[in-house]
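The exercises below move from the whole chain to one sheet and then to a single residue. Please work through each task with the structure open before reading its solution.

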Amino acid sequence: MTMLKKTHPLLFIIPALGLAACSSADSPETSTKQTSTVSSTSQSEIKQQVLADFEETKLSAALKQENLTATLVQGTGTTHGEQAIKLAFDSSFEYSTLFVQPEQPWDFSDLGDMNIAFDATNTSDVSVQLYFRVNDKYQSQLRSISIPANSSATYYADLSGPQISLDSGLRADPPAWPSDEFRMPYMNGVKLLDIKHIKQLSFYTSSNLEDKNIILDNVRARTNPATDPSYLVGLVDKFGQPAKSNYADKVKSDAHLKQLAKTELADLAANPVLADRSKFGGWKNGPKLKATGFFRTEKVNGVWSLVDPEGYLFFSSGIANIRIANTTTLTGVDFKDDSVRYIDPEDVTPEDSLGIRPVSAEAQKTRYVSSELRNKMFNWLPEYDDELANHYSYRRSTHKGPLKHGETFSFYQSNLERRYGERYPESFIDDWEDVTIKRMRSWGMTSFGNWVDPEFYQKNQFPYFANGWIIGDFKTVTDIGHGWSPMPDPYDPEFARRARMTTNAIAEEVKNNPWCIGVFIDNEKSWGNPANIKSHYNIPIQNFKMDAAESPAKAAFTKILRDKYVDINTLNTAWQTDIPSWASFAKSYNIENINDAMTEDLSTILEAYTSQYFKVVDSALSAVMPDHMYMGVRMAAWSINPEGVRAAKKYVDVMSYNYYREGMHDANWGFLPEIDMPSIIGEYHFGAVDTGLYHPGLIHSSDQNDRARGYKAYMRKVIDNPYMVGAHWFQYTDSPVTGRAYDGENYNVGFVTNADVPYKEMVEASREINQELYPRRFSKAVK
């Protein structure tokens, strides 16, 4: 990043409201990185409203600090005026926040299509992922950006205008206008806020592993510049790469791709498996414990460990989602033939886990462009008679985005065919599997993570985790969705039947293979967000509204309360309610006020619910795979609550969590000694935008070197934790530039690009971490 230049004085300034009077009208110089700009907002129409310039002699009462130290400092390279504010983020807290709240809400309606911008200087020696939240009267929106170490720049979040209101099917679009400033990717919340009533801005960090500092200045609201009408056109080249960006090892031709592959294969041959590894990837130089022929767990001198089939200590260092299923992207084409959308109700594989599913020649005759916007994102797509047309597929349903279904294409798989050729049908897939195993060994990994293609299961070359989903037409506990899907009703016999179908299918794929470490079933179930009482106990609160005659869970919850209170009046006294009868409660009850007694009962019910879920799944899995560990459901960080943890502990062999943070922050993991169970991180990652993808992912880095730094810091924190037995990076490949077909994720989170070219920085980091893995983990424990 370059230092900011003060140019282009604004010609029209709105007087500031709330925190600060108007300051300098300077704005950063724009570049000509993109062309074809058609002006809809001329320079003379651009307006600006200063929200905070920190020129006061002391900190304003409108600035609230939480777990940070804020001080006024002299100006820096980004300062517009004499002073700025320095934010010292304290890593001992999970969150450190600066709140900016005016006496009266800001009204930005006079600005037209607008954005909020600020200047920031990172004086730390490491990057800072800065979160920026905007609140209107009722809702909020979250953005985030990685600010590189020792850098200064301007960052902005567009709150209104065509780009923010358009659903392109991408988690993050390219910037809609040319600029040297940096657009903060949208993370979550409501995209279209009420810009007439913005009541609060907040700047915060989350789960820092070390103290960090940012100098913030010139927070302002501005009219958006003119939008480039072609900002969503021609985003992808024929290799599925970002067409408008250049970066190291970007593939330029088929010959270049083959040369990169040849160079990599030579590197893999020169760097085979590490010398301290056993047959199954355990620590050959360590002690040998009881060998059972399958993976298991054991606590060794206070340190939990996996144990491989031969009895060696084992730590699962791996990469998740090594499969073709998530490499497809929607092309903007669909078919009028409804047969392409048929779903067998007895299927056990959800849509997102399906690989390439070709459309018949007859169905192709009904082809039509369903989204011109998406279709124009591609510079190239093969004709149906092209030799690469076999990489077309079809997505029958989607989770997010403007298209509910449609044709897809896998640039990643097509690049495998370009790279390896095709000696027999899909021989390139066999080559890919062979090279993938060689990569894992060479990079020092000890296992695959979750969601590896079942084709790897019987190769007997590299440890893996099997996986499955319980899907079907069983009842749910509420009428609304939770994250990926509505939460199941585990009291419904149909759920138990579907669980048996799923575990039977997994058992058939695994065939009692000793290379299978364990089994993950389902993913990131929303047990309840403990951020507040209502979100924590959302499942029973929402389920209470349902009729027990139609909801097995509601009937079970009602029985729990009747068994405890017997008489409805006793319940009313405890809850301070006036429920007429148990029959009335069973029919429907809407909770309004929650007191301590009700909270205690909601907790009991939530734990009963989660216990029933784990009991059903564990019973189904144990019946057909008694020699393999049940790895749980990989709880999302926002849904790790005491009830879910206690319930899982009763049934799983290893506790599992997906934890997207800078690292394992001590504030979040105090429960590990209490439950004293082997635990594993099922997903984490770091991403950047320096290779042209438009969204870094969930945890942001400033570039590829910074991604590697983040990976190493995260892994060392996990390796040093005595309860953790593994951690899995998500995922193997970058997301498609134009978004995964199922949910639009277009993240730079891969160890390899969409052209199957490894990121050298990540490979070097992996080799470094995994070389030190076993001595670091176990040397003290086995002395």
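Helices, taken as H or I runs of at least four residues, and strands, taken as E runs of at least two, are DSSP runs numbered from the N terminus. The model is a predicted one, and by this assignment the protein chain has 17 helices and 29 strands.

**Exercise 1.** Determine how the radius of gyration of the protein chain stands against that of a compact globule.

Solution. Begin with the expectation: for 783 residues, a compact globule would have a radius of gyration near 28 Å, and the value of 27 Å for the protein chain agrees with this. Next, take the extents, which for the C-alpha trace come to about 80 × 75 × 65 Å along the principal axes. Then turn to burial, where 59% of the 783 residues count as buried. Finally, consider the contacts with a separation of 6 or more, of which 74% are made by residues 24 or more positions apart.

**Exercise 2.** Work out the strand order of the open sheet of 5 strands, and state which strands stand at its edges.

Solution. The order is 17-29-28-27-26, and the pairing is parallel. Strand 17 (316–320) and strand 26 (635–636) each have a single partner strand and stand at the edges, so one side of each is left without a neighbour in the sheet. As for what lies over the sheet, helix 16 (residues 704–719) packs on it and touches strand 17, strand 28 and strand 29, its direction making about 160° with that of strand 29.

**Exercise 3.** Trace the pairings of strand 29, and decide whether the faces of strand 17 are covered or uncovered.

Solution. On one pairing, strand 29 (residues 724–730) is joined by 2 bridges to strand 28 (residues 679–683), the two running parallel; on the other, 5 bridges join strand 29 to strand 17, again in parallel. A727 of strand 29 serves as a reference point, since I681 stands opposite A727, and S317 likewise stands opposite A727. In strand 17, 5 of 5 residues are buried, and both faces are covered, with S316, G318 and A320 on one side and S317 and I319 on the other.

**Exercise 4.** Is E351 buried or exposed, and which residues does E351 touch?

Solution. First locate E351, which lies in the loop between strand 19 (333–335) and helix 3 (361–364). Because the cut-off for burial is under 20% relative accessible area, E351 counts as buried at 9% relative accessibility. Leaving aside residues up to four places away in sequence, E351 touches I343, Y394, R395, R396, S397 and Y742.

Key
Residues are numbered from 1 along each chain as its sequence is written. This is a predicted model: local features need pLDDT of at least 70, side-chain atom pairs count only at pLDDT 80 or more; totals for chains, interfaces and linings use all residues. Side-chain values use heavy atoms; hydrogens and water are left out. Two strands pair if DSSP finds at least two bridges between them. Contact means heavy atoms within 4.5 Å. Axes are lines fitted to C-alpha atoms, for helices over the stretch in contact, and angles run from 0 to 180 degrees between N-to-C directions. Buried means under 20% relative accessible area, exposed over 50%, partly exposed in between (1.4 Å probe, protein chains only). The radius of gyration is taken over C-alpha atoms; the globule rule is 2.2 Å times the number of residues to the power 0.38.
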